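Below is a brisk report on one protein chain. It starts at a single loop residue and works outwards to the sheet, the helices and the domains.

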Amino acid sequence: MAEKLQIAVFHGDGIGPEIMAPTLSILAQLSEQTEDYTLEFRDVPAGAAHYAQTGESFPKTSMNAARQADAILLSAMGLPDVRYPDGTEISPQIDLRKALGLFAGVRPVRVRAGQATPLALPPGKEIDFVLIRESTEGLFHTQGCGEVTEDEARETLLITREVCEKLFRFSFQLAHDRKSSGQGRGRVTCVDKANVFRAFAFFRDLFDAEAERHPDLVADHAYVDATALWMVQKPWEFDVLVTENMFGDILSDLGAGLMGGLGLAPSADIGLDHAVFQPCHGSAPDIAGEGIANPFAMFQSAAMMLEWLGLRHQIPALSRDGQRLHAAVDSVVSEGRILTRDLGGEADTLAAARAVADRVFSV
Ligand code: ATP
Ligand code: MG
């Protein structure tokens with residue numbers, strides 16, 4: 001019997017609903033075509049537009065729905081001109097990260113042969129690595145409540161054993177999964193600044209302790225500055241990179257740059273029992289309502305969700321469908337005929353979505 005999986009859906013703000021609609025349509029079709037699983041979608045209100053209408057940015061019922069779901073799919077949230085009275089941004093995605101303990105920010109960086117990238121890739125080389133950004137502590141620990149006086153300002157870098165142990169276990173598991181699916185190289189690199197900060201030496205020690213449990217994987221270290229250089233000079237050598245919150249924030253934008261921009265950058269925020277899948281880009285209010293937003297990063301985030309659910313629930317059909325969706329986006333992008341404006345094409349959201357859907361369902 002088909003296993004039923006509940007997906008909490010945050011349609012979001014700005015271009016959010018425009019890219020979520022075609023995503024749900026592809027997911028619903030995939031689900032209809034198989035006996036192995038059934039996806040059930042539950043719309044969950046939250047975000048800046050919801051706040052403007054109701055005075056609530058993230059109703060309790062929405063948080064409960066997210067908590068109960070098997071996975072959470074989120075487009076983009078927040079609008080520059082809708083803020084809390086104290087001026088802070090409305091970002092339910094950050095509330096979710098905190099409430100559900102989503103410690104691992106997973107940012108795949110993939111450039112297939114034939115796809116546009118600002119680098120000149122040597123023949124036969126493709127970029128395919130995953131950056132894992134610790135997402136609950138590090139240099140973001142005092143976010144919004146650092147100490148500032150007339151003469152000085154202080155923020156705290158917090159690294160805890162508890163979070164690092166989960167983070168590194170997750171990173172090595174991902175390297176195993178990638179290796180066994182033939183995608184990865186079986187390598188995990190700890191990115192830090194252990195030469196300068198004791199907190200990062202601690203981070204590295206905890207990494208090494210986990211590495212000892214995985215003699216079949218290569219574990220190594222790199223300083224964050226050198227990593228930035230190598231991401232440009234030889235990114236094809238990386239497999240899984242794991243790093244602290246702020247370093248991960250910065251390197252993931254560098255990674256998005258390698259892919260030619262935010263329009264092709266998916267992400268997942270993963271904890272022990274919950275996971276949120278969303279594109280790296282924001283709600284793009286400058287083009288909202290025009291029907292020209294690029295839906296590909298949203299599709300890739302949905303594909304990551306299927307793969308994650310497939311492994312977690314041991315349903316190979318889900319993982320396979322995730323790979324189909326990834327492959328369909330790759331093929332449309334490599335072909336370069338039907339691209340949205342941000343990627344240099346002229347297609348609108350619906351045409352780009354149709355091109356991907358045609359490819360998913362033609363194989
Ligand atoms: P946030 O603070 O939420 O990350 P941001 O200020 O970084 O938002 P985005 O909303 O990501 O900004 O938009 C940055 C630029 O990229 C804008 O010009 C926007 O139109 C463009 N952009 C972002 N996402 C897309 C997309 N899916 N398709 C086309 N253009 C996009
Ligand atoms: Mg941004």
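Glycine 186 sits in the loop that links α5 (161-180) to β8 (187-192). Helices (H or I, at least four residues) and strands (E, at least two) are DSSP runs, numbered from the N terminus. This is a predicted model: local features need pLDDT of at least 70, side-chain atom pairs count only at pLDDT 80 or more, and totals for chains, interfaces and linings use all residues. Residues are numbered from 1 along each chain as its sequence is written, and chains are lettered from A and ligands numbered from 1 in the order in which they are written.

**Glycine 186**

Is glycine 186 buried or exposed? Glycine 186 counts as partly exposed, because 17 C-beta neighbours lie inside 10 Å. The cut-offs are these: a residue is buried if 20 or more other C-beta atoms lie within 10 Å of its own, exposed if 12 or fewer, and partly exposed in between, with C-beta atoms placed from the backbone. Leaving out residues up to four places away in sequence, glycine 186 touches Ala175, Lys179, Asp216, Leu217, Val218 and Asp239. Contact here means that the C-beta atoms of two residues, placed from the backbone, lie within 7 Å. Phenylalanine 172 is 14 residues from glycine 186 in sequence, and their C-alpha atoms are 8.7 Å apart.

**The sheet**

Ten strands have the order β2-β1-β3-β12-β11-β4-β5-β10-β8-β9 in an open sheet of 10 strands with mixed pairing. β2 (37-43) and β9 (218-223) stand at the edges; each has a single partner strand, so one side of each lacks a neighbour in the sheet. From one strand to the next, the twist averages 25°. Strands pair if DSSP finds at least two bridges between them. β11 (residues 266-270) and β12 (residues 275-279) run antiparallel and are joined by 5 bridges.

Proline 266 belongs to strand β11. Opposite proline 266 in β12 stands proline 279. Proline 266 is buried, because 27 other C-beta atoms lie within 10 Å. Its contacts, not counting residues up to four places away in sequence, are Pro108, Pro279, Cys280, Ala297, Gln300, Ser301 and Met304. Phenylalanine 277 is 11 residues from proline 266 along the chain, with 7.9 Å between their C-alpha atoms.

**Helices on the sheet**

α5 lies across β4 (104-111), β5 (127-134), β8, β10 (240-243) and β11, and runs at about 170° to β10. Helix α6 (residues 198-211) lies across β8 and β9, at about 165° to β8. Axes are lines fitted to C-alpha atoms, for helices over the stretch in contact, and angles run from 0 to 180 degrees between N-to-C directions.

**α1 and α10**

Both helices can be checked for length. The expected span is 1.5 Å times one less than the number of residues.

| Helix | Residues in helix | Expected span | Distance between end C-alpha atoms |
|---|---|---|---|
| α1 | 17 residues | 24 Å | 24 Å |
| α10 | 20 residues | 28 Å | 28 Å |

The buried residues of α1 include Ile19, Met20, Thr23, Ile26, Leu27 and Leu30. An α-helix has 3.6 residues a turn, so residues three or four places apart point the same way. The buried residues of α1 pack against β1 (3-10), β2, α9, α10 and α11 (349-362).

In α10, the buried residues include Leu318, Gly322, Leu325, Val329, Val332 and Val333. They pack against α1, β2, α9 and α11. Glycine 336 follows α10 and has a positive phi, near 75°.

**Positive phi outside glycine**

Most residues other than glycine have a negative phi. Alanine 284 has a positive phi, near 40°. Its place is the loop between β12 and α9. Alanine 284 is buried, with 21 other C-beta atoms within 10 Å. Glutamine 314 also has a positive phi, near 50°. Glutamine 314 lies in the loop between α9 and α10, and is exposed, with 10 other C-beta atoms within 10 Å.

**Domains**

The domain assignment gives domain 1 (1-102 + 271-363) and domain 2 (103-264). Such bounds come from an automatic or database domain assignment. Taken over C-alpha atoms, the centres of domain 1 and domain 2 are 23 Å apart. How many residues of domain 1 are in contact with domain 2? There are 18, and they meet 16 residues of domain 2. On the domain 1 side, α4 (92-99), α9 (296-313) and α10 (316-335) each give two or more residues.
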